[in-house]
Amino acid sequence: MIIVAAAMAVASSAGAATFTFDEDPFAGSTALTTPGRQIVGGEPFLVFDPTADEILIAPAVFGVTPPILAFNGLAADLTAGFNLVVLRDLDADPVAAGNQMAAGLAANLIADAVTVDGAGFFFYFNSGLDLVRLVYSTNLSDNTADLKVLARFTNLSGAAGAAAMAEIGPQVSAVPEPAVWGMMLAGFGLAGSALRRRRHAVRYRI
C-alpha cells in the first residue's frame, strides 16, 4: 500500500507530496515460494517530483536496516554499503529486443557490483516503457533474487526523465520510528498552541 500525503506548506515545499511504502510487497503473490527469480509488477502509476516530493520506506517491512543509504551513478562505480541504488545505466539500443533496460537486467547489473547480501531498492530507467521505475529486491547482490516493482513514475519519461534521475536519492528515507513521530507530533502540538496563543493575543489586543 502506498500512502500519499500532502506535505505541510513550508516555503518552497508547499504542495509537495510524500509517498510511503509500508506494506508487504509480495502480499497476494507466490513469488517467495516459487523457485527462481520472480518479478512482480502491478505497480501504481505515480507523479513524482524529485525536487520537492519525499519517499518514505518502512525498513522492517522490507527487511532493510536503516538508514537508507543511496548510490546514484553507473553500475561500474557501484560498491557495497548501499541499500538504495539509482542506476543511471541506459541501454545502447532501446529498440533492439534483448537490449532494453528492464527490471531484471537492472537488477543483474547491480548484483554484479554489490558483494554484500542484503535487501534494498533501486530506481532505473525502463527503456521499453520509457520511464523511471522503483523496484524492491530481496537481495541486491543476488541475480536470482525476487523483485517487486513498487512504482512507475509517469512524469519521469523520455530524455528529461532519464536526466532527472541525477536528482533522485536524497529524498528517499526510512519511515521515522514511533518515538520520532511522537516528538514530531508533540512539536506540532506546541507550535499549534503557540500559534493559538498568538492569535488570541492579537485578537484581543487593544
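Reader: In the protein chain, what percentage of the contacts with a separation of 6 or more is made by residues 24 or more positions apart?
Author: The model is predicted, and its chain comes to four helices and eleven strands. Among the contacts in the protein chain with a separation of 6 or more, the share that belongs to residues 24 or more positions apart is 60%.

Reader: What is the mean pLDDT of the protein chain, and which stretch with pLDDT below 50 has zero contacts beyond near neighbours in sequence?
Author: The mean pLDDT of the protein chain is 83, with 76% of the residues at 70 or more. Over residues 1–13 the pLDDT stays under 50, although the model has 27 contacts beyond four places in sequence for this stretch. Zero contacts beyond near neighbours in sequence, together with a pLDDT below 50, are found for residues 194–206.

Reader: How many residues does the largest nonpolar core have, and which strand supplies the largest share of this core?
Author: The largest nonpolar core has 31 residues, and those with the most contacts inside it are Phe 21, Ile 55, Phe 62, Phe 121, Phe 123 and Phe 153. At least two residues of this core come from each of several elements, including strand 2 (17–21), strand 8 (120–126), strand 9 (131–137) and helix 3 (158–164). The largest share, four residues, is supplied by strand 10.

Reader: Which residues does Phe 121 touch, not counting those up to four places away in sequence?
Author: Phe 121 is one of the residues with the most contacts inside the largest nonpolar core. When residues up to four places away in sequence are not counted, Phe 121 touches Ile 57, Phe 62, Val 64, Asn 83, Leu 84, Val 85, Leu 134, Val 135, Tyr 136, Leu 140 and Leu 150.

Reader: How many residues are in the second, separate core?
Author: Val 85 and Leu 140, which Phe 121 touches, are included in a second, separate core. Ala 106 and Ala 113 are also included in this second core, whose number of residues is 18.

Reader: How many of the eleven residues of strand 10 are buried, and how many bridges does strand 10 form with strand 9?
Author: Strand 10 is mostly covered, with eight of its eleven residues buried. The pairing between strand 9 and strand 10 is antiparallel, and within it Leu 134 has Ala 151 of strand 10 as its bridge partner. The number of bridges over which strand 9 and strand 10 pair is seven.

Reader: In which sense do strand 3 and strand 4 run with respect to strand 10?
Author: Strand 3 (residues 39–40) is joined to strand 10 by two bridges, and the bridge partner of Val 40 in strand 10 is Lys 148. Strand 4 (residues 45–46) is likewise joined to strand 10 by two bridges, with Leu 46 opposite Phe 153. The sense is parallel for strand 3 with strand 10, and for strand 4 with strand 10 it is also parallel.

Reader: Why is the pair of Phe 123 and Phe 153 stacked, and which residues form a cluster with these two rings?
Author: The ring centres of Phe 123 and Phe 153 are 6.0 Å apart and their planes lie at 25 degrees, so the pair counts as stacked, the cut-off being under 30 degrees. This pair links distant parts of the chain, since Phe 123 is in strand 8 and Phe 153 in strand 10, 30 residues apart. Phe 123 and Phe 153 are both buried. Ring pairs link them into a cluster with Phe 19 and Phe 48.

Reader: Which residues of helix 2 are buried?
Author: The cover over the buried residues of helix 2 includes strand 3, strand 7, strand 8, strand 9 and strand 10. In helix 2 (residues 103–113), those buried are Ala 103, Gly 104, Ala 106, Ala 107, Ile 110, Ala 111 and Ala 113.

Reader: Which residue in the loop between strand 8 and strand 9 has a positive phi although it is not a glycine?
Author: The residue lies in the loop between strand 8 and strand 9, and its phi is about 65 degrees. At 36% relative accessibility it counts as partly exposed, a class that lies between 20% and 50%. The residue with this positive phi is Asp 130.

Definitions and conventions. Residues are numbered from 1 along each chain as its sequence is written. This is a predicted model: local features need pLDDT of at least 70, side-chain atom pairs count only at pLDDT 80 or more; totals for chains, interfaces and linings use all residues. Side-chain values use heavy atoms; hydrogens and water are left out. A nonpolar core is a set of buried Ala, Val, Leu, Ile, Met, Phe, Trp, Tyr and Cys residues joined through side-chain atoms within 4.5 Å. Buried means under 20% relative accessible area, exposed over 50%, partly exposed in between (1.4 Å probe, protein chains only). Contact means heavy atoms within 4.5 Å. pLDDT is the predictor's confidence in each residue, from 0 to 100. Two strands pair if DSSP finds at least two bridges between them. Rings of Phe, Tyr and Trp (its six-membered ring) pair if their centres lie within 6.5 Å; planes under 30 degrees apart count as stacked, over 60 as edge-to-face and the rest as tilted.
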